[in-house]
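This report describes a single protein chain, beginning with one residue and widening to the chain as a whole. Please consult the sequence and structure shown here while reading.

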Amino acid sequence: MHSWSFHQLGQYIEYRARRAGVPLVYADPAYTSQQCSECGHTDRGNRPSQATFACRSCGALMHAERQRVPQHRPQGRDRADHGA
Ligand SMILES: [Zn+2]
(Lines give C-alpha, C1' and ligand atoms only; values in the text may rest on other atoms or scores of the structure.)
Protein backbone atom coordinates (compact mmCIF):
# COMPACT_ATOMS: atom_id res chain seq x y z
CA MET A 1 0.00 0.00 0.00
CA HIS A 2 1.29 3.40 -0.91
CA SER A 3 0.80 6.22 1.45
CA TRP A 4 1.99 9.00 -0.76
CA SER A 5 0.69 12.41 -0.11
CA PHE A 6 -1.01 14.25 -2.90
CA HIS A 7 2.03 16.49 -3.12
CA GLN A 8 4.38 13.57 -3.54
CA LEU A 9 2.16 12.05 -6.15
CA GLY A 10 2.13 15.31 -8.05
CA GLN A 11 5.91 15.46 -8.00
CA TYR A 12 6.10 11.91 -9.21
CA ILE A 13 3.79 12.58 -12.12
CA GLU A 14 5.74 15.68 -13.01
CA TYR A 15 8.98 13.71 -12.88
CA ARG A 16 7.59 11.04 -15.13
CA ALA A 17 6.27 13.63 -17.57
CA ARG A 18 9.65 15.31 -17.81
CA ARG A 19 11.41 12.00 -18.30
CA ALA A 20 9.03 11.19 -21.09
CA GLY A 21 9.66 14.56 -22.68
CA VAL A 22 6.06 15.53 -22.73
CA PRO A 23 4.73 18.82 -21.45
CA LEU A 24 2.89 18.45 -18.22
CA VAL A 25 -0.59 19.74 -18.68
CA TYR A 26 -2.82 19.85 -15.71
CA ALA A 27 -6.45 19.35 -16.42
CA ASP A 28 -8.03 22.58 -17.44
CA PRO A 29 -10.06 23.65 -14.45
CA ALA A 30 -12.40 25.55 -16.70
CA TYR A 31 -13.79 22.38 -18.15
CA THR A 32 -13.01 19.51 -15.85
CA SER A 33 -14.36 20.90 -12.63
CA GLN A 34 -17.92 21.35 -13.71
CA GLN A 35 -18.88 18.30 -11.72
CA CYS A 36 -19.80 18.80 -8.11
CA SER A 37 -17.71 16.69 -5.79
CA GLU A 38 -20.53 16.74 -3.29
CA CYS A 39 -23.50 15.56 -5.32
CA GLY A 40 -22.05 14.79 -8.73
CA HIS A 41 -24.18 17.33 -10.54
CA THR A 42 -22.44 18.53 -13.69
CA ASP A 43 -23.31 21.86 -15.20
CA ARG A 44 -21.38 24.58 -16.95
CA GLY A 45 -23.25 26.95 -14.68
CA ASN A 46 -21.47 25.40 -11.73
CA ARG A 47 -18.51 27.56 -12.62
CA PRO A 48 -19.34 31.25 -12.36
CA SER A 49 -15.64 31.92 -12.71
CA GLN A 50 -12.50 29.88 -13.22
CA ALA A 51 -11.58 30.09 -9.58
CA THR A 52 -14.99 29.49 -8.15
CA PHE A 53 -17.28 26.51 -7.99
CA ALA A 54 -20.89 26.90 -7.02
CA CYS A 55 -23.05 23.85 -7.47
CA ARG A 56 -26.38 24.65 -9.03
CA SER A 57 -27.88 21.54 -7.55
CA CYS A 58 -26.81 21.34 -3.92
CA GLY A 59 -25.26 24.78 -3.49
CA ALA A 60 -21.80 23.55 -2.56
CA LEU A 61 -19.24 26.33 -2.73
CA MET A 62 -15.52 25.84 -3.11
CA HIS A 63 -12.46 27.18 -4.76
CA ALA A 64 -11.92 25.30 -7.96
CA GLU A 65 -8.20 25.84 -8.01
CA ARG A 66 -7.30 25.22 -4.43
CA GLN A 67 -4.02 23.66 -5.42
CA ARG A 68 -2.90 26.70 -7.33
CA VAL A 69 -3.88 29.50 -5.03
CA PRO A 70 -0.65 31.18 -3.92
CA GLN A 71 -0.38 32.04 -0.30
CA HIS A 72 -0.04 35.74 -0.21
CA ARG A 73 1.33 36.91 3.06
CA PRO A 74 2.05 40.57 2.67
CA GLN A 75 4.65 41.62 5.12
CA GLY A 76 5.65 45.07 6.17
CA ARG A 77 2.36 46.61 5.13
CA ASP A 78 1.33 47.34 8.67
CA ARG A 79 4.13 49.81 9.01
CA ALA A 80 2.97 51.61 5.91
CA ASP A 81 -0.61 51.69 7.10
CA HIS A 82 0.20 52.93 10.54
CA GLY A 83 2.90 55.32 9.51
CA ALA A 84 5.89 55.81 11.76
ZN1 LIG B 1 -23.63 19.65 -5.72
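## Ser49, an exposed loop residue

In this predicted model, Ser49 is exposed, because 9 other C-beta atoms lie within 10 Å and a residue counts as exposed at 12 or fewer. The residue belongs to the loop that joins helix H2 (29-32) to strand E1 (52-54).

Ser49 can also be placed relative to His63. The two residues stand 14 positions apart in sequence, and their C-alpha atoms are 9.8 Å apart in space.

## Phe53, a buried strand residue

Phe53 is part of strand E1. The residue has 23 C-beta neighbours inside 10 Å and therefore counts as buried, the threshold being 20 or more. Ser49, in the loop that leads to strand E1, has 9 such atoms within 10 Å and is exposed.

Along the chain, Phe53 and Gln35 are 18 residues apart. Between their C-alpha atoms the separation is 9.2 Å.

## Helix H1 and its end

Helix H1 covers residues 6-20, a run of 15 residues. From the first C-alpha to the last, helix H1 reaches 21 Å, close to the 21 Å expected at 1.5 Å a residue. Directly after H1 comes Gly21, which adopts a positive phi of about 75°.

Is helix H1 largely buried or in the open? Of its 15 residues, the number buried is 0, so H1 lies largely in the open.

## The chain as a whole

The protein chain contains 3 helices and 2 strands. In sequence order these elements give the pattern α-α-β-β-α.

Buried residues account for 5% of the 84 residues in the chain; Phe53 is one of the residues that count as buried. Among contacts with a separation of 6 or more, 8% involve residues 24 or more positions apart.

## Confidence in the model

The mean pLDDT of the protein chain is 71, and 58% of the residues score at least 70. Which elements mark the two ends of the confidence range? Confidence is lowest in H2, with a mean of 52, and highest in E1, at 84. The loop holding Ser49 runs between these two elements, while Phe53 lies within E1 itself.

Technical notes
Residues numbered from 1 in each chain as written. Predicted model: local features only at pLDDT ≥ 70, side-chain atom pairs only at ≥ 80, totals over all residues. Helix = DSSP H or I, 4+ residues; strand = E, 2+ residues; numbered from the N terminus. Contact = placed C-beta atoms within 7 Å. pLDDT = per-residue confidence, 0-100. Expected span 1.5 Å × (residues − 1).
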